[in-house]
Amino acid sequence: MEKTDASVLKEKILSKAREIGFDLCGITLPKPVEHYAEFLEWIRQGKGGEMEYMKANPERRKNPAKLYTEVQSIISCIVNYYQGKLPEPEDGEGKISRYALGKDYHKVVKKMLIKLLKFIKSIEPSADGRAYVDTGAIMEKEIAAKAGLGWIGKNSLIVSSGLGSYIFIGEILLNMYIPPDKPITERCKDCRLCIDACPTGALEDERRLDASKCIAYFTIEYGGEIPKHFKKLFGNWIYGCDICQDVCPYNRNPPITKIPAFKEKLHLRNISLKKILSMNEQEFNQYFQGTPIKRTGLQRLKRNARNP
Ligand code: SF4
Ligand code: SF4
């Protein structure tokens with residue numbers, strides 16, 4: 001494809017992505033991930049906790065071309081899920097992370113990506129690709145940063161100066177060359193509000209998270225009994241934790257999500273702990289139908305809701 005044609009195609013893709021509902025979309029080339037050795041060292045030190053899937057497929061994780069051999073460019077897209085100000089829990093209530101107060105983002109964002117891929121195929125019949133949302137051995141944050149959508153903040157998340165960090169990331173590995181975007185400069189500068197606010201000391205150093213100390217990891221991914229001394233630090237959080245995002249200056253007044261599915265379950269924000277502890281499986285399935293909480297299951301949610 002001629003370079004001019006590729007630029008025209010890029011414009012069409014970006015415009016369609018906005019129409020579908022993505023807030024930002026950028027392109028990068030499928031080069032091996034830089035700083036991969038640091039990731040391996042993070043795993044080696046046990047900082048991924050029990051997230052065994054992170055150890056799988058290291059070659060694919062490092063190099064997107066091993067995941068999809070025909071890939072020539074990666075379209076990275078982000079969509080904001082910020083729902084506006086939310087009420088704080090009352091006594092006897094537990095708090096659920098913002099990202100889980102809607103339909104499961106894996107499904108919602110995947111559908112949006114598939115729509116975008118179908119559109120690309122409709123204008124370029126030889127186009128093909130693979131869509132990923134927080135699945136597959138792929139370093140999403142690094143890719144989004146390389147595509148210029150934001151930078152990896154000291155809270156270890158992608159931060160966009162216009163959108164903050166309450167965002168979901170998805171990407172399409174495409175078998176066509178699209179001119180890439182440039183990364184932007186890191187803008188945390190001297191700020192360290194997220195590091196200082198983390199109650200468990202999980203944010204140890206610039207851009208590094210020790211997942212094995214993170215409330216989100218313990219309440220969602222971890223299967224065992226949470227050590228008492230550690231659980232005491234969790235405050236009201238019973239599913240995920242937004243502290244390091246809540247304090248971020250870039251999250252002070254982000255735009256409210258345009259996607260209704262991400263604010264469909266706001267009533268789940270603060271839930272009676274007694275209610276959770278007395279729930280049976282059927283009630284749990286009905287109550288959390290369609291949300292990411294359903295993946296975690298009732299037994300873990302009860303564990304999280306019990307006093308330390
Ligand atoms: S999610 Fe909570 S526990 Fe995890 S790093 Fe952020 S503030 Fe710390
Ligand atoms: S709180 Fe400060 S240091 Fe942390 S991600 Fe936001 S801007 Fe960066």
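Q: Which residue of β7 is the bridge partner of Tyr 132?
A: In this predicted model, Glu 171 of β7 is the partner of Tyr 132.

Q: What makes β4 and strand β7 a pair?
A: Two strands count as paired when at least two bridges are found between them. β4 and β7 (residues 167-174) have four bridges, so the criterion of at least two is met. Their pairing is in the antiparallel sense.

Q: Why is the sheet called open, and in what order do its strands run?
A: The order is β1-β2-β7-β4, four strands with antiparallel pairing. The sheet has edge strands, β1 (24-28) and β4 (129-132), and each of these pairs on one side only. From one strand to the next, the twist averages 20 degrees.

Q: What makes helix α5 a helix that packs on the sheet?
A: Contact is the test: C-beta atoms, placed from the backbone, must lie within 7 Å. Helix α5 (residues 105-123) touches β2 (73-80), β4 and β7, so it is described as packing on the sheet. The direction of α5 makes about 40 degrees with that of β7.

Q: Which parts of the chain are called domain 1 and domain 2?
A: The bounds come from an automatic or database domain assignment, which gives domain 1 as 3-90 + 97-174 and domain 2 as 193-252 + 267-305. Taken over C-alpha atoms, the centres of the two domains are 23 Å apart. Their contact takes 28 residues from domain 1 and 32 residues from domain 2. On the side of domain 1 that touches domain 2, the residues comprise 11 nonpolar, 10 polar and seven charged.

Q: Why is ligand 2 said to lie between domain 1 and domain 2?
A: Both domains give residues to the shell around ligand 2, so the ligand lies between them. There are 13 residues around ligand 2, and those that come nearest are Gly 153, Cys 188, Cys 191, Cys 194 and Cys 248. By class, this shell holds nine nonpolar, two polar and two charged residues.

Q: How many residues of the shell around ligand 1 are nonpolar, polar or charged?
A: The shell around ligand 1 has 10 nonpolar residues, one polar residue and no charged residue. Its members include Cys 198, Cys 214, Cys 241 and Cys 244, together with Leu 203, Leu 209 and Thr 200. Cys and Leu count as nonpolar, so Cys 198 and Leu 203, for example, belong to the nonpolar class.

Q: Which helices each supply at least two residues of the shell around ligand 1?
A: α8 (215-221) and α10 (243-246) do so. Ile 215 and Ala 216 of the shell fall within the bounds of α8, and Ile 243 and Cys 244 within those of α10.

Terms used
Residues are numbered from 1 along each chain as its sequence is written. Chains are lettered from A and ligands numbered from 1 in the order in which they are written. This is a predicted model: local features need pLDDT of at least 70, side-chain atom pairs count only at pLDDT 80 or more; totals for chains, interfaces and linings use all residues. A residue is near a molecule or strand if its C-beta atom, placed from the backbone, lies within 6 Å of it. Two residues are in contact if their C-beta atoms, placed from the backbone, lie within 7 Å. Axes are lines fitted to C-alpha atoms, for helices over the stretch in contact, and angles run from 0 to 180 degrees between N-to-C directions.
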